[in-house]
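User: Please take a close look at the sheet in this structure. I would like one connected account of how its strands are arranged and what surrounds them.

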Amino acid sequence: MNPDVVNDVFIEHNFTKSKLKIILNFLLEEGVSIKNTASILETIADNLDETNKLVTLMEKIREKQAHSILSGLADENKTIHIIKLSDSITKMLNKAIYYPETQTELPYFLLKKQKYNKLRKKLYLARELSLKKNTIPVCMINRNLRTAFYNSFKLYFYYLPCISDKEIREAGNNFTIKTEYTLG
């Protein structure tokens with residue numbers, strides 16, 4: 001590990017070990033490998049001047065590891081089968097996102113129970129149809145909504161990976177993206 005990066009993160013930017021631990025726990029919860037600690041610290045160092053929000057730093061780390069994340073979600077033909085959200089649902093979620101004041105909580109959506117349950121049911125149906133096709137259902141959502149989406153629905157789905165449009169762009173042309181369902 002590069003000592004200059006460690007110095008930059010922990011000394012110059014006064015980034016605490018507890019903040020790093022929170023980020024690592026968020027990543028692990030989503031099944032993202034944290035083996036490459038050097039890359040994680042480099043990403044934090046590269047972005048600390050821009051933001052100190054842990055959620056934003058976590059997204060930057062995911063984007064840097066996009067190829068690795070997507071490799072684990074692709075089938076044998078390097079195809080990722082996605083469940084996409086319609087523009088109308090994306091707009092609704094953009095209006096409903098809530099960022100807690102503490103750095104230890106993830107953002108989530110403040111939706112009326114009826115809208116939340118309707119979206120959850122549509123998501124469940126699309127997930128089940130994907131599983132029946134023997135594909136890994138993967139939600140793709142705008143970068144600024146990804147963490148809140150995952151956080152808002154993780155309790156209802158044992159395994160439903162959620163990737164951002166930015167992660168797909170970062171991985172380049174290494175994968176074929178096939179939209180299986182668009183939730184509208």
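Analyst: A residue is called buried when its relative accessible area is under 20%, exposed when over 50%, and partly exposed in between. In this predicted model, 6 of the 7 residues of β1 fall in the buried class, so β1 is largely enclosed by the rest of the structure.

The sheet is open and has 4 strands, in the order β5-β4-β1-β6, with parallel pairing. Its edges are β5 (162-164) and β6 (176-183), each of which pairs on one side only. From one strand to the next, the twist averages 40°.

The pairings can be followed strand by strand. β4 and β5 run parallel and are joined by 3 bridges; here Ile141 stands opposite Ser164 of β5. Between β1 and β4 there are also 3 bridges, in the parallel sense, and Ile83 has Cys139 of β4 as its bridge partner. β1 and β6 pair over 7 bridges, again parallel, with Leu85 opposite Leu183 of β6.

Helix α7 packs on this sheet and touches β1 (79-85), β4 and β6. The direction of α7 makes about 135° with that of β6.

The loop between α7 and β4 is tied to the edge strand β6 by a salt bridge: the side chains of Lys133 and Glu180 meet at 2.9 Å, N to O. Lys133 lies in that loop and Glu180 in β6, 47 residues apart along the chain. The two ends differ in cover. Glu180 is buried because its relative accessible area is 13%, whereas Lys133, at 46% relative accessibility, counts as partly exposed.

The loop between α7 (113-132) and β4 (138-141) also holds Ile136. At 31% relative accessibility, Ile136 counts as partly exposed. Together with Tyr158 and Tyr159, Ile136 makes a nonpolar surface patch of about 380 Å².

The Lys133 pair can be set beside others, since a search of the whole structure finds 12 salt bridges. One of the others joins Arg146 to Glu30, with the closest N and O atoms 2.6 Å apart. Arg146 belongs to helix α8 (residues 146-153) and Glu30 to the loop between α2 (17-29) and α3 (37-47), 116 residues apart. Both Arg146 and Glu30 are buried. Salt bridges with shared partners join Glu30, Glu59, Arg62, Arg146 and Glu167 into one network.

Technical notes. Residues are numbered from 1 along each chain as its sequence is written. This is a predicted model: local features need pLDDT of at least 70, side-chain atom pairs count only at pLDDT 80 or more; totals for chains, interfaces and linings use all residues. Side-chain values use heavy atoms; hydrogens and water are left out. Patches are made of residues with over 30% relative accessible area and no salt bridge: like charges are joined within 9 Å, nonpolar side chains (Val, Leu, Ile, Met, Phe, Trp, Tyr) within 5 Å. Accessible areas come from the Shrake-Rupley method with a 1.4 Å probe; for residues, only the protein chains shown count as cover. A salt bridge is a side-chain nitrogen of Lys or Arg within 4 Å of a carboxyl oxygen of Asp or Glu. Helices (H or I, at least four residues) and strands (E, at least two) are DSSP runs, numbered from the N terminus. Buried means under 20% relative accessible area, exposed over 50%, partly exposed in between (1.4 Å probe, protein chains only). Two strands pair if DSSP finds at least two bridges between them. Axes are lines fitted to C-alpha atoms, for helices over the stretch in contact, and angles run from 0 to 180 degrees between N-to-C directions. Contact means heavy atoms within 4.5 Å.
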